[in-house]
Amino acid sequence: MDPQSFKEFSAEMTNFITNYLENIRDRRVLPTVEPGYLMPLLPTEAPQSPENWEEVMADIERVIMPGITHWHSPRFHAYFPTAQSYPGIVADMLSGAIACIGFTWIASPACTELEVIMLDWLGKMLDLPPVFLSSGGGKGGGVIQGTASEATLVALLGAKAKMLKKVKDQHPEWTDNEIVGKLVAYGSCQAHSSVERAGLLGGVRFRLLDVDAKYRLRGNTLADAIREDKEKGLIPFYVVATLGTTSSCAFDNLEEIGAVTTREQIWLHVDAAYAGSAFICPEFRYLMKGVELAESFNFNPHKWMLVTFDCSAMWLKDPTWVVNAFNVDPLYLKHDAQGCSLPDYRHWQIPLGRRFRALKLWFVIRLYGVQNLQKYIRKHVAQAHEFEALVLSDPRFEIVSEVIVGLVCFRLKASNDVNEAFLKRINGAGYIHLVPSKIKDTYFLRLAVCSRLSESIDIQNSWKEIKLRADEVLAEQPNSK
Ligand code: PLP
């Protein structure tokens with residue numbers, strides 16, 4: 001592609017993107033295609049000679065859009081939000097053009113240095129204790145991981161390395177395998193599946209502990225589990241506390257959990273994947289009380305802070321455990337500035353390669369400003385409470401868990417089967433999209449405020465649709481007449 005064609009193609013794409021996003025309400029949120037829809041629309045072989053960009057452009061609406069679930073529609077309420085914004089999109093364009101692989105400082109000094117500075121900006125925006133920051137005067141620092149799942153695994157591997165060293169010092173006669181066989185990690189039964197998976201990938205036992213009536217992991221439950229396991233000769237080494245669980249957005253009691261992990265000298269990792277963005281607003285920081293007791297903290301600006309996927313921010317009080325756990329140092333990756341005060345991020349993560357993701361944070365934070373990012377969070381939370389009030393205004397419905405930030409868990413006051421049929425009808429109609437969850441045998445629906453474009457009127461429209469589908473499903477029940 002010659003430079004002139006690139007300018008024309010990208011200008012046309014910019015138009016397409018703007019039209020797509022500004023008119024996204026006109027599209028059905030869920031696609032109607034069947035599995036395998038794409039095969040008949042494309043040739044079976046790659047083209048031998050070049051096509052022109054106009055042909056590619058024309059195929060986006062014909063081939064791609066029918067198979068898109070519109071995550072940025074204000075009527076998309078499934079899972080948790082995934083972020084997106086114009087500054088984030090433009091930053092990814094630049095990242096694509098520079099296309100460096102920033103695994104060491106010399107591999108692109110700006111890539112490393114901007115990441116260090118952005119993680120400090122962001123840490124300060126959350127009011128994280130200075131020990132987590134590279135400017136905090138200690139060993140602390142931040143890194144951008146691809147996902148929260150990677151952050152949980154990286155922290156687990158750091159904790160494993162730390163405990164192995166400690167136990168080896170006490171019992172030099174024990175082999176690594178003997179020690180690893182005794183290690184045990186903990187999280188709540190409400191923790192994201194990636195937490196349990198980190199245990200599987202890390203080759204250690206993982207215990208998922210019971211929660212209280214508000215679906216929170218409490219300090220006593222953890223303390224009891226640790227005592228039981230130590231009596232069995234096991235070695236507790238890692239705890240994941242979740243701030244904002246996936247099922248119901250519950251917040252584990254970090255202060256209580258941190259008191260236990262501090263007493264027991266166990267690594268505490270905080271998974272605040274979704275809800276962490278709310279901590280840029282001072283009024284939500286009570287939910288992370290006790291964060292100073294954690295060894296590592298993670299949240300996803302790519303979920304709720306307008307930074308396009310992937311951007312998962314992780315801070316470590318002492319990254320040397322992670323760095324040492326992953327340190328393989330071939331000659332071709334060595335450089336003269338190695339060991340300077342700036343990190344070689346290849347040691348902080350699982351892959352070697354890494355994109356220039358700090359650009360997205362830099363563009364978004366500068367072009368919104370912290371105040372507008374706070375406004376954005378507050379607007380979503382207000383819309384969640386607006387929806388909660390609508391649910392409470394209809395005696396056929398109940399709220400299942402406390403609405404704290406942008407997620408509302410609700411159900412019809414009816415059996416699980418009726419609620420399943422209700423959700424099937426909502427998603428079948430395709431006007432809005434929700435996903436369910438189940439805690440302790442209670443099936444419920446989750447409505448997350450997701451879209452950057454979401455306004456109060458969208459919430460009211462989603463509620464109208466929900467009421468309509470409830471009318472239909474309840475009318476079909478045998479004793480409805
Ligand atoms: N932790 C929590 C609490 C989540 O809600 C999620 C995803 O929604 C994850 C972890 C996984 O996030 P990621 O896709 O960034 O790995």
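**Notebook: Asn-300, the ligand and helix α7**

**Entry 1. Asn-300.** I started with the contacts of Asn-300. Leaving out residues up to four places away in sequence, I found that Asn-300 touches Thr-147, Ala-148, Ala-272, Ala-273, Ser-277, Cys-311 and Ser-312. I note here that the model is predicted.

Next I looked up where Asn-300 sits. I found Asn-300 in the loop between β6 (296-299) and α10. Is Asn-300 buried or exposed? Its relative accessible area is 2%. Buried means under 20%, so I wrote down Asn-300 as buried.

Then I checked the side chain of Asn-300. It makes a polar contact of 2.5 Å with the side chain of Ser-312. Ser-312 is also among the residues that Asn-300 touches.

**Entry 2. The ligand.** I moved on to the ligand. How many residues surround the ligand? I noted 14, and the closest are Ala-148, Ser-149, Thr-246, Asp-271 and Asn-300. So Asn-300 from my first entry turns up again, as one of the closest residues.

I sorted the shell by class. It holds 9 polar, 3 nonpolar and 2 charged residues.

I then looked up distances from polar side-chain atoms to oxygen atoms of the ligand. For Ser-149 the distance is 2.4 Å. For Asn-300 it is 2.8 Å. For Lys-303 it is 3.4 Å.

How much of the ligand does the protein cover? On its own, the ligand has 390 Å² of accessible area, and the protein covers 87% of that. I also asked which elements give two or more residues to the shell. They are α5 (148-170) and α10 (301-304).

**Entry 3. Helix α7.** My last stop was α7, residues 193-202. Which of its residues are buried? I listed Ser-194, Val-195, Ala-198, Gly-199 and Gly-202. These buried residues lie on the same side of α7, because they cover an arc of only 155° around the axis. On the other side of α7, I found Ser-193, Arg-197, Leu-200 and Leu-201 exposed.

What covers the buried residues of α7? The cover includes α5, β3 (205-209), β4 (235-242) and β5 (267-271). I had already met α5 as an element that gives residues to the ligand shell.

Finally, I looked just past the helix. Gly-203 follows α7, and its phi is positive, near 70°.

Key:
Residues numbered from 1 in each chain as written. Predicted model: local features only at pLDDT ≥ 70, side-chain atom pairs only at ≥ 80, totals over all residues. Heavy atoms only, no water. Near = heavy atom within 4 Å. Polar contact = N/O pair within 3.5 Å; in protein donor to acceptor, adjacent residues only side chain to side chain. Areas by Shrake-Rupley, 256 points an atom, 1.4 Å probe, with all protein chains shown as cover. Helix = DSSP H or I, 4+ residues; strand = E, 2+ residues; numbered from the N terminus. Nonpolar A, V, L, I, M, F, W, Y, C, P; charged D, E, K, R; others polar. Buried < 20%, exposed > 50% of the residue type's maximum accessible area, 1.4 Å probe, protein only. Arc of directions from axis to C-beta. Contact = heavy atoms within 4.5 Å.
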